[in-house]
Amino acid sequence: MASQETANDPLTEQDNLTSELANLEKQFADRKVKEKDYELLSKQLRERIRKAESQSYNLAKKDESIARRLRLRNFNDPEIQQIVNHFLKASEKSLEPTFGADRIPRYLVLGTVLVEQKILQKMADMGMLSEVLFERIVSCPTCGTPSNVHLRFKCTQCNSMNIALNRMLEHLQCGTIHQENVFFVGRNLICPTCKKMLQNKDEYRVIGLVCSCRACDAHFEDPAQSYFCRGCNSEFSLSSGQIVDVFSYGMGKNILNEARRFIGVNALTTLLTAKGYMIKSPGVMAGASKEVVFSLTAEKDTKLIAIDLSQGDGEVEVEPILDLFVKVLEVNSAHAVFGAMPALSKKARDVAAMHNIQVAEAAAPEELAEKILEIIGRI
Ligand SMILES: [Zn+2]
Ligand SMILES: [Zn+2]
Ligand SMILES: [Zn+2]
């Protein structure tokens with residue numbers, strides 16, 4: 001079983017390796033491979049699949065065609081689907097993080113589901129989401145979390161953090177400069193030189209900070225700074241810590257439209273493949289004057305069916321139906337089925353009937369797949 005060392009791109013390689021692994025698993029189940037060999041080979045294959053996958057995501061940042069192929073594969077991942085649904089419902093708003101007591105950013109989607117930045121980052125890599133810098137957090141370089149990191153101000157001489165930080169005030173009228181605590185008499189600020197009570201903020205200014213160490217009595221302007229992780233008791237500086245960028249995320253109109261067309265494809269592909277249909281998604285067909293792209297095409301015996309799917313925030317309107325009609329005219333040979341989630345508007349339904357496009361409507365991808373199977377069984 002020779003593996004293809006020189007696949008065209010990491011996505012194709014990932015597919016080849018995955019089917020190689022499936023093959024190996026079948027051979028092992030049929031007792032054609034020894035357990036020891038199976039374990040070694042499957043471990044190697046899994047490692048290569050992981051490598052190809054991470055290569056795909058890296059490449060997707062620069063190569064839109066790889067990014068698009070990744071998106072089409074991922075629209076039906078249950079976790080990604082929830083996030084896409086969130087943006088389908090609230091397309092204009094960006095998704096901002098909340099920070100819990102552990103200071104780890106999490107994102108609330110659909111009002112109830114918390115997702116981690118990792119999955120959103122993956123979606124941004126394949127061009128599903130755009131990101132805007134929201135906050136930067138300092139994580140411990142030893143244990144990798146920001147949860148227990150504290151900023152420390154310390155004495156520049158003896159390193160003690162037992163230091164007093166005093167603001168220096170200047171009384172503008174008489175020019176007196178002193179530590180803030182010298183100005184305080186009870187809750188009032190009174191100039192120690194001219195004895196005037198300072199009632200407005202424009203009568204004085206803060207000109208800096210003076211620190212004094214309670215351990216060694218040193219005086220200095222800028223305290224030394226470091227970070228201390230209470231989780232693993234390690235101290236680190238800004239230069240050795242991990243600064244983690246935290247983003248807010250948005251989904252552009254193009255991607256929302258793409259998502260609407262491909263979000264039910266996996267459920268439908270699984271069902272139709274099991275019933276003996278050959279599925280291509282995206283379904284690309286050569287037309288009279290140009291190539292046209294359907295959500296998917298299904299082929300069995302002499303039947304060729306072009307299927308477009310669309311998910312709306314509410315009812316699916318007439319445009320995607322007309323779009324399908326024009327494409328079917330262009331290819332001139334396929335039957336056309338339109339699947340809408342959760343439903344079509346009345347006008348869209350009328351237009352579909354007028355143009356001989358069969359329609360299925362359902363709230364969930366699996367239910368929609370069943371209805372489309374029933375329709376194409378009758379064609
Ligand atoms: Zn730590
Ligand atoms: Zn000191
Ligand atoms: Zn004064």
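Two strands are taken to pair if DSSP finds at least two bridges between them. The model described here is predicted, and the pairing of its strands is considered before the packing of its helices.

In this predicted model, β2 and β3 form a hairpin with three residues between them. Leucine 110, in the turn of this hairpin, has a positive phi of about 55°. The two strands run antiparallel and are joined by four bridges, β3 comprising residues 113–116. Leucine 108 has leucine 114 in β3 as its bridge partner.

Strand β2 also pairs with β1, again in the antiparallel sense, through three bridges. Here proline 97 stands opposite tyrosine 107 of β2. Five residues lie between the strands in the hairpin of β1 and β2, and arginine 103 takes a positive phi in this hairpin. The phi of arginine 103 is near 65°, a positive value in a residue other than glycine. Arginine 103 is placed in the loop between β1 (97–99) and β2 (105–109). With 14 other C-beta atoms within 10 Å, arginine 103 is partly exposed.

In a regular strand the side chains alternate between the two faces of the sheet. Such alternation is seen along β2, where Pro105, Tyr107 and Val109 point to one face and are buried. Arg106 and Leu108 of β2 point to the other face and are not buried. Tyr107 and Leu108 thus recur in the pairing of β2: tyrosine 107 is the residue opposite proline 97, and leucine 108 is the bridge partner of leucine 114.

A positive phi is also found at aspartate 301, with a value near 50° in a residue other than glycine. Aspartate 301 lies in the loop between β18 (296–300) and β19 (303–316). Aspartate 301 is exposed, with 7 other C-beta atoms within 10 Å, whereas arginine 103 is partly exposed.

Strands of a sheet pair through backbone hydrogen bonds, either parallel or antiparallel. An open sheet of three strands has the order β5-β12-β13, and its pairing is antiparallel. Its edge strands are β5 (149–154) and β13 (234–236), each of which pairs on one side only. Neighbouring strands of this sheet are turned against each other by 30° on average, direction ignored. Six bridges connect β5 with β12 (residues 224–229) in the antiparallel sense. Histidine 150 stands opposite phenylalanine 228 of β12.

Two cis peptide bonds may be described next, each ending at a proline. The bond joining serine 281 and proline 282 is cis, with omega about -5°. Proline 282 is found in the loop between β15 (278–280) and β16 (283–286). The peptide bond from methionine 341 to proline 342 is likewise cis, with omega near -5°. Proline 342 lies in a strand, β20 (residues 335–344).

Two packed helices are described by the angle between their axes and the distance between the axes. Helix α2 (residues 35–60) packs with helix α3 (residues 64–74) at an angle of about 125°, the axes being 8 Å apart. At this angle α2 is therefore oblique to α3. The crossing of α2 and α3 is left-handed. Within the contact, Ser56, Leu59 and Ala60 of α2 meet Ile66, Ala67 and Leu70 of α3. By class, the contact of α2 with α3 has five nonpolar residues, one polar residue and no charged residues.

Helix α8 (residues 265–274) and helix α11 (residues 365–378) pack at an angle of about 45°, with axes 8 Å apart. This angle makes α8 oblique to α11. The crossing of α8 and α11 is right-handed. On the side of α8, the contact is made by Ala267, Leu268, Leu271 and Leu272. On the side of α11, the contact is made by Pro365, Glu366, Ala369, Ile372 and Leu373. The contact of α8 with α11 has eight nonpolar residues, no polar residues and one charged residue.

How values were computed:
Residues are numbered from 1 along each chain as its sequence is written. Chains are lettered from A and ligands numbered from 1 in the order in which they are written. This is a predicted model: local features need pLDDT of at least 70, side-chain atom pairs count only at pLDDT 80 or more; totals for chains, interfaces and linings use all residues. Axes are lines fitted to C-alpha atoms, for helices over the stretch in contact, and angles run from 0 to 180 degrees between N-to-C directions. Angles under 35 degrees count as roughly parallel, over 145 as roughly antiparallel, 65 to 115 as roughly perpendicular and the rest as oblique. A crossing is left-handed if the near helix is turned anticlockwise from the far one by less than a right angle, and right-handed if clockwise. Two residues are in contact if their C-beta atoms, placed from the backbone, lie within 7 Å. Ala, Val, Leu, Ile, Met, Phe, Trp, Tyr, Cys and Pro count as nonpolar, Asp, Glu, Lys and Arg as charged, and the others, Gly among them, as polar. A residue is buried if 20 or more other C-beta atoms lie within 10 Å of its own, exposed if 12 or fewer, and partly exposed in between; C-beta atoms are placed from the backbone.
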